[in-house]
Amino acid sequence: MQTKHAKFIITSVIYAVMMVALLQACAPLPEETSEAAAPGKSYSINEAFEIVAKENDVARTLYTKAIVGAGKKNGLKFHEDWEKDEMEAGPLPALFLRGIAGDIRKKGEVPLGLYLGSDFPIRKSNKFTGKQAELFAEMRKDSLPKFFYDEEAQLYTAMFPDFASAAPCVNCHNDHPETMKTDWVLGDIQGATTWTYPSDSVSFEELQGMIMAYRDGAAATLDTYIGKSKSFTEGGVPAVGEFPAKAGYSIPAPEVFLDSVNELAAEQTLKGILKI
Amino acid sequence: MGFSISRRRQRQWIGFGVGILATVVAWVVLSVPSGEDFLSKGPLNTGHEDLSCESCHTPAKGTTMQQLTANVMFTFGMRKSKADFGTENVDNTKCLDCHDRPNDRHPLHRFEETRFSEARKEIGVTECESCHNEHNGVRITQTNIGYCQSCHSETSLSDDPLEISHAQLIKEEKWSTCLQCHDFHGNHIMHVAESMKDTIPLTVVREYFDGGETPYSDKKKYKPLTEEEYWEMKKKKKK
């Protein structure tokens, strides 16, 4: 009888060990979503959009005024076809932004989308249609950001007004041969930046990722411009380091540009992060 | 004492043996690199002819049991995403590992914006395989050669170089003429025709779609990674 019990216990133990081993072997793969990595969602996606949009306002205005505006006065050129081999020029502000957007998506670490559009774009294919056109028409009246969920793409989406903040914005858009509108003035809403993200809230780490993806994109795009400038022959290779206002025929190094963005955006970004 | 089995049992053993043998032969044949043709669902597209299966069909993460368990859990709503089974899904990321270019005139991500929803429905412009469906032995599988109409219906140029304006071509719905001058991804280094008589004939564009020589230019600004360069890049990423 005892032998029978012993056999039963040994068999049970063996089965239990096998079950544990089987369960271990069958442990499913961990999910690779950002949600699984960061469970504490502290910010609504709209709050996060507001923060990166302010960063974008600062970086873009700085680029427009201190690089394009001041650079032109010091011999630098900027062109929509700046990437073409024969073109000795840097990116116009809209293309600088497009470079940032491309860098964010190429790295693929942060699922943040950034786009530019208008009701009077230079390129007709950048004209808003559908939902974006409707909301942009509202934005023209109230100058406020618009938030919505794109059902089809399953993306949380925000549109922020792009104000003509510097003379080069107005002059270039009024004088461009393909322009649809020639009476832009400073302060006009010239278009909107559209941001997308796949979830309705983000953790602090994810918000940090969004901000840094934007800043890294700006640094990478500036770096591409600097790389291209090495082949300039017409006006010579520009110096790299300081802003044109300080160093003349010069392009700021990415870290110099980001330091200025940091300085100019710090207060607003901190307020956004602290929700004050 | 002789060993004997019934005829029925004999037949069962023979059937079992033949099954085992066929499985072993199939496993050996399909495992060796020269057996890849049997596994492939069709000839590789133009430019990919010499690639090995593994360059795109990389092994999925985890063990087979882990992959199975994850997918069972997904089926019963116990996890949010499916897991790749056997090999990883061949998606845009795989294509862009070799083909990503800073000068791409139509990068995929740009079409994720809301306003391109119609274009996404019409030509699935956010997926490489919408136009380059692999295993078809051609270059481009998109059959609608006038796909530019999904986004460029309002194009007009103030200083139009053509004797017939872009706006007029669009008005006449001559959408197939776009590709007679412009390459979609913009990687060919070329001079664009300024007269309709100098444009690339539509038949030649179609031949190019089907895998023929490029009519745009032999010179490209960026070249895709070779398979060796791809593996080297993967190795570096792992480090």
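## Worked exercises on a two-chain model

In this predicted model, 31 residues of chain A are in contact with 30 residues of chain B. Let us start from that contact and work outwards.

**Exercise 1. Describe the side of chain A that touches chain B: which elements supply it, and how do its residues divide by class?**

Solution. Begin with the secondary structure. At least two residues each come from helix 4 (93-107), strand 4 (113-117), helix 5 (130-142) and strand 7 (189-197) of chain A. Next, sort the residues by class: this side of chain A has twelve polar, ten charged and nine nonpolar residues.

**Exercise 2. Decide how chain A compares with a compact globule.**

Solution. First, take stock of the elements: chain A holds nine helices and ten strands. Second, apply the globule rule, which gives 19 Å for 276 residues. The radius of gyration of chain A is 26 Å, well over that value, so the chain is more spread out than a compact globule. Third, look at the extents: the C-alpha trace of chain A spans about 100 × 45 × 40 Å along its principal axes. Two further values complete the picture. Of the 276 residues in chain A, 34% are buried. Among contacts in chain A with a separation of 6 or more, 65% join residues 24 or more positions apart.

**Exercise 3. Check the span of helix 3 of chain A, then find what follows this helix and how it meets helix 6.**

Solution. Helix 3 covers residues 45-73 of chain A, which is 29 residues. At 1.5 Å a residue, 42 Å is expected, and the distance from the first C-alpha to the last is 40 Å, close to that value. Just after this helix, G75(A) takes a positive phi of about 100°.

Now turn to the helix pair. The axes of helix 3 and helix 6 (residues 167-175) of chain A cross at roughly 65° and come within 9 Å. On the helix 3 side the contact uses T64(A), V68(A) and G69(A), and on the helix 6 side A167(A), P168(A) and C169(A). By class, these residues are four nonpolar, two polar and no charged.

**Exercise 4. Place Q154(A) and E173(B), and say whether each is buried or exposed.**

Solution. Some background helps: most residues other than glycine have a negative phi. Q154(A) is not a glycine, yet its phi is positive, about 55°. Q154(A) sits in the loop between strand 5 (146-150) and strand 6 (155-163) of chain A. Around Q154(A) there are 10 other C-beta atoms within 10 Å; the cut-off for exposed is 12 or fewer, so Q154(A) is exposed.

For chain B, E173(B) also has a positive phi of about 55° without being a glycine. E173(B) lies in the loop between helix 6 (166-171) and helix 7 (202-209) of chain B. With 10 C-beta neighbours inside 10 Å, E173(B) counts as exposed.

**Exercise 5. Work through the domains of chain B, and test the span and burial of helix 8.**

Solution. The domain assignment gives domain 1 (9-37) and domain 2 (91-238) of chain B. Taken over C-alpha atoms, the centres of these domains are 46 Å apart. Then take helix 8 of chain B, residues 227-238: its twelve residues should span 16 Å at 1.5 Å a residue, and the end C-alpha atoms are 17 Å apart, which agrees. Finally, count the buried residues in helix 8 of chain B: there are zero among the twelve, so this helix is hardly covered.

Conventions
Residues numbered from 1 in each chain as written. Chains lettered and ligands numbered in written order. Predicted model: local features only at pLDDT ≥ 70, side-chain atom pairs only at ≥ 80, totals over all residues. Domains from an automatic or database assignment. Helix = DSSP H or I, 4+ residues; strand = E, 2+ residues; numbered from the N terminus. Expected span 1.5 Å × (residues − 1). Buried ≥ 20, exposed ≤ 12 C-beta atoms within 10 Å, placed from the backbone. Rg over C-alpha atoms; globule rule 2.2 N^0.38 Å. Contact = placed C-beta atoms within 7 Å. Nonpolar A, V, L, I, M, F, W, Y, C, P; charged D, E, K, R; others polar. Axes fitted to C-alpha atoms, helices over the stretch in contact; angles between N-to-C directions.
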